[in-house]
Amino acid sequence: QVQFVESGGGLVQPGGSLRLSCAASGGIFSIYDMGWYRQAPGKQRELVAIITNGGVTNYADSVKGRFTISRDNTNNTVYLQMNSLKPEDTAVYYCKNVPGLYWGQGTQVTVSS
C-alpha cells in the first residue's frame with residue numbers, strides 16, 4: 001500500500017520560508033493527484049494545495065501567491081515551497097494522494113517571532 005513520509009518542517013520567523021517534502025512509496029506515484037493539508041490545534045484539517053498527475057495546481061485562497069506545490073515523479077516526491085510565512089500558517093502539514101485513505105505522520109510548521 002502507498003505510504004507517505006513528510007519532512008522539512010520547523011520553526012521559522014514570520015516572513016521566512018520552508019520547503020516541505022513528501023516521499024511516497026508502495027504505489028504508482030505518477031498517476032496520483034497529490035494534496036498538501038494542514039491542521040492546527042482545535043481546527044479541522046484543510047486542503048492547502050493540490051497538484052494533479054498532469055501537473056495542474058490549485059491552492060487555498062489563504063496561501064495563494066505564497067506557497068508552491070510541485071512534484072518529482074522520478075523521485076516519487078511532492079514538495080510544498082512555503083514563502084512569506086505567517087503565524088496563521090502554524091500547523092501540522094500532511095500529504096496524501098487524492099483519492100486516498102492513508103496519511104503520513106505529518107511535519108510540524110511553527111511560525112513565530
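These legends accompany a set of close-up views of a predicted protein model.

**View 1. The whole chain is built from strands.** The predicted model has 10 strands and 0 helices. Read from the N terminus, the order of elements is β-β-β-β-β-β-β-β-β-β. Along the principal axes, the C-alpha atoms occupy a box of roughly 40 × 25 × 20 Å. For 113 residues, a compact globule would be expected to have a radius of gyration near 13 Å, and the 13 Å of this protein agrees with that. Take contacts between residues at least 6 apart in sequence: 53% of them join residues at least 24 apart.

**View 2. The surface and its charges.** About 5900 Å² of the protein is exposed, and carbon and sulfur atoms supply 49% of that area. On the inside of the count, buried residues account for 41% of the 113 residues. The protein carries 9 positive and 7 negative side chains. If you place the centre of each charge set in your viewer, you will find the two centres 1 Å apart.

**View 3. The largest nonpolar core.** Nonpolar side chains tend to be buried together in soluble globular proteins. Here the largest nonpolar core has 29 residues, and the members that touch the most others are M34, W36, I69, V78, L80, M82 and Y93. Strands that each supply at least two residues of this core are β3 (18–25), β4 (33–39), β5 (46–51), β7 (67–72), β8 (77–82), β9 (91–98) and β10 (107–111). Which strand gives the largest share of the core? That is β3, with 4 residues.

**View 4. M34 in strand β4.** M34 sits in strand β4 and is one of the core residues that touch the most other members. Is M34 buried or exposed? Its relative accessible area is 0%, so M34 counts as buried. Setting aside neighbours within four places in sequence, its contacts are F4, C22, F29, A49, I50, I51, I69, R71, V78, C95, K96 and N97. For a distance check, try M34 and T57: they are 23 residues apart along the chain, and their C-alpha atoms are separated by 9.6 Å.

**View 5. L20 and M82, two residues in contact.** L20 belongs to strand β3. With 0% relative accessibility, L20 is classed as buried. Beyond its neighbours within four places in sequence, L20 is in contact with S7, G8, G9, W36, V78, Y79, L80, M82, Y93, T107 and V109. Now turn to M82: leaving out residues up to four places away in sequence, M82 touches G16, S17, L18, L20, R66, F67, Y93 and V109. Y93 and V109 therefore appear in the contact list of L20 as well as in that of M82, where contact means heavy atoms within 4.5 Å. T74 offers a longer reach from L20: the two are 54 residues apart in sequence, with a C-alpha to C-alpha distance of 17 Å.

**View 6. A24, also in strand β3.** A24 lies in strand β3. Its relative accessible area of 11% makes A24 buried, since the cut-off for that class is under 20%. Which residues does A24 contact, apart from neighbours within four places in sequence? They are Q3, F4, F29 and N76. The C-alpha atoms of A24 and E6, which are 18 residues apart along the chain, are separated by 9.0 Å.

**View 7. N76 and S84, with positive phi angles.** N76 is found in the loop between β7 and β8. Although N76 is not a glycine, it has a positive phi of about 50°. N76 is partly exposed, at 26% relative accessibility, and it is among the contacts of A24 shown in the previous view. S84 lies in the loop between β8 and β9. The phi of S84 is also positive, at about 50°, and S84 is not a glycine. At 41% relative accessibility, S84 counts as partly exposed.

**View 8. The loop with a cis peptide bond.** Where does P99 lie? Look in the loop between β9 and β10. The peptide bond joining V98 and P99 is cis, with omega about 0°. G100 is also placed in the loop between β9 and β10. With a relative accessible area of 28%, G100 is partly exposed. G100 and S84 are 16 residues apart in sequence, and 30 Å lies between their C-alpha atoms.

Methods:
Residues numbered from 1 in each chain as written. Predicted model: local features only at pLDDT ≥ 70, side-chain atom pairs only at ≥ 80, totals over all residues. Heavy atoms only, no water. Rg over C-alpha atoms; globule rule 2.2 N^0.38 Å. Buried < 20%, exposed > 50% of the residue type's maximum accessible area, 1.4 Å probe, protein only. Areas by Shrake-Rupley, 256 points an atom, 1.4 Å probe, with all protein chains shown as cover. Lys, Arg positive; Asp, Glu negative; His and termini not counted. Charge placed at Lys NZ, Arg CZ, Asp CG, Glu CD. Core = buried A, V, L, I, M, F, W, Y, C linked by side-chain atoms within 4.5 Å.
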